[in-house]
Each structure stands twice: as C-alpha cells, then as structure tokens.
Amino acid sequence: MARGGFPGMMGGGNMQQLARQAQKLQQQMAKVQEELEAREFEATAGGGMVTCKVNGKKEVLALEIKPEAVDPDDVEMLQDMVLAAINEALRTAADTTEREMGKLTGGMSMPGLF
C-alpha cells in the first residue's frame, strides 16, 4: 500500500477526482430519490377487492374497497385485505427504491441513506 494512502492513489489529483466522483454520485442519488418519492405504487388484495396506492415517501395516497368486499358478518376478512394491500404496496415501493439506488451504488448497502 502506498505510504499514507490507498493502493493506486497517488497525489492530490486522484483525491480530487475521487471527491468529484463522490459528489456526482451524491447528486445522482438525490435526483433518483426525488423521482422515487414522487412515483406511485399500487397493490391489490382479495382478488382486486381492495386496492392501495402509495408513493415513494411511503404515504398512503388512496385506498379503494369494492362494495362487495364489505360483509358485516366478516369484518376481519376486510381488515386483512386492507392490511395486505397496504403492506404489499409499501413493499413494492421499498423494493423499487432499493433496486434503483443499488444501480447507482453498484449494489453496495448504504443503511439509512434511503
């Protein structure tokens, strides 16, 4: 290893280049994060009886329940369908965010970043 540095890193020029690359990556990641937060993700449950739409900020934007899904004698099933639709929509948003950000980071895990 080069004295006082990393292998293959010589002089300040390479450090400046590395800093520029890091800044560019940070800008790209911020842009992708902004785009992902604005995207909408949708999931259904109960064969389409319940539909949930969320955004990349993990906010529920819409919840649609078809009238035939409402059975006063089986409220628990409706609750389960609502939870399933919401959780699947949130999972889709999180998976998409992880995949898109992974394209920029080369698959490196960066906990807490997004």
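These are my notebook entries on a predicted model of one protein chain.

**Entry 1, the whole chain.** I started with the secondary structure and got two helices and three strands. Reading along the sequence, I wrote the order down as α-β-β-β-α.

**Entry 2, burial and surface.** Next I looked up how much of the chain is tucked away: 24% of the 114 residues count as buried. The exposed area comes to about 8,100 Å², with carbon and sulfur atoms supplying 53% of it.

**Entry 3, contacts along the sequence.** I took the contacts with a separation of 6 or more and checked their range. Residues 24 or more positions apart account for 44% of them.

**Entry 4, the β2/β3 pair.** I then went to strand β2, residues 50-55. Its partner β3 covers residues 60-65, and the two run antiparallel, joined by five bridges. For one facing pair, I noted Val-54 opposite Val-60 in β3. The two strands make a hairpin, with four residues between them. I also checked phi in the turn: Lys-58 has a positive value, about 65°.

**Entry 5, Thr-51.** Is Thr-51 buried or exposed? Its relative accessibility is 15%, and the cut-off for buried is under 20%, so Thr-51 counts as buried. Thr-51 belongs to β2, so I listed what it touches, leaving out residues up to four places away in sequence. The list reads Glu-42, Ala-43, Thr-44, Ala-62, Leu-63 and Glu-64. Ala-62, Leu-63 and Glu-64 from that list fall within the β3 range of 60-65.

Definitions and conventions. Residues are numbered from 1 along each chain as its sequence is written. This is a predicted model: local features need pLDDT of at least 70, side-chain atom pairs count only at pLDDT 80 or more; totals for chains, interfaces and linings use all residues. Side-chain values use heavy atoms; hydrogens and water are left out. Buried means under 20% relative accessible area, exposed over 50%, partly exposed in between (1.4 Å probe, protein chains only). Contact means heavy atoms within 4.5 Å. Accessible areas come from the Shrake-Rupley method with a 1.4 Å probe; for residues, only the protein chains shown count as cover. Two strands pair if DSSP finds at least two bridges between them.
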